[in-house]
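Student: Can you walk me through some charged pairs? I'd like to know how you decide what to call them.

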Amino acid sequence: MESLLGEPQWQSKMECTRLADPEAEDGDRGVDVTVRTWPLSRLGYLVTWSEDDIVVMYGITTTSWWFRPPVLMDQTHIRLGKSPLAALGKPESHRVWLGNRRYGYLEGHYFGNPGGYRRWYVGVNDFGYNADAPPPDWLEIDDEGNPRLLPDKEDAYRANVPINTIVISIALYEELQGGSFFGISLGVDQDLVRLTRPQFHVLESRFSHIRRCVGDSRWNRRLRDWRWDRRYSRWEKKAQAMIR
């Protein structure tokens, strides 16, 4: 990763515990994980989690309308910042948090062989593009004291909220199973970024602002007409050049 992107902008350490192995002693399960974060220009962030300089997890968060990379998950093509959570099947589990300032949502998927035998985590990062917090009255507290979406509200939230962060993992940690690995940020940590690089904020294009003001259908029609005018202008210039 460093050969491709250079030195990371931010780097930290965290301690994790590997899942129990019958052939290993309990004292051998602790591992130090290095977390590295790169800004992708002003369009997003790449975060990696590494053991001994070997990347075991990586995640991408889009912070711009201009950066909507396509991702193939199982047999489904999604675009970060655009495709809703409901584009994927029912998750194995989900986790949600909502505070006075910070919020987030993540869900875990496992697709077996089509997914490369990896764990896929998708969700909403509050620093990402098109982030949308769950309404407080849509939450309940489960038996373990953790908030989660009400069963009758989960489908509605997943159908209307786009995915702005994806994390792919081959790591097997107890913290991942317990739900504490990511803390309150799936992917990039907003507090880390905004305090050290305040100029890096969610970047919204002027086009997306206009699109929301005039409505999707009207905007799409204008965009289609503009593209046609440009194409017709090029053809007309070529025809005039051939006549000359």
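Tutor: Sure, let's start with Glu 92 and Arg 119, whose side chains meet in a salt bridge, 2.5 Å from N to O. Keep in mind that this is a predicted model, where local features need pLDDT of at least 70, side-chain atom pairs count only at pLDDT 80 or more, and totals for chains, interfaces and linings use all residues. Side-chain values use heavy atoms, leaving out hydrogens and water, and residues are numbered from 1 along each chain as its sequence is written.

Student: What makes Glu 92 and Arg 119 a salt bridge?

Tutor: The term means a side-chain nitrogen of Lys or Arg within 4 Å of a carboxyl oxygen of Asp or Glu. Here the N to O distance is 2.5 Å, so the pair fits that cut-off.

Student: Why is Glu 92 called exposed?

Tutor: Buried means under 20% relative accessible area, exposed over 50%, and partly exposed in between (1.4 Å probe, protein chains only). Glu 92 has 51%, so it counts as exposed. Arg 119, at 32%, is partly exposed.

Student: How do you know that Arg 36 forms a salt bridge with Asp 53?

Tutor: Their closest N and O atoms are 3.1 Å apart, and that is within 4 Å, so the name applies.

Student: Is Arg 36 buried or exposed?

Tutor: Arg 36 has 10% relative accessibility, so it counts as buried. Asp 53, with 63%, is exposed.

Student: How many salt bridges does the structure hold?

Tutor: There are 11 salt bridges.
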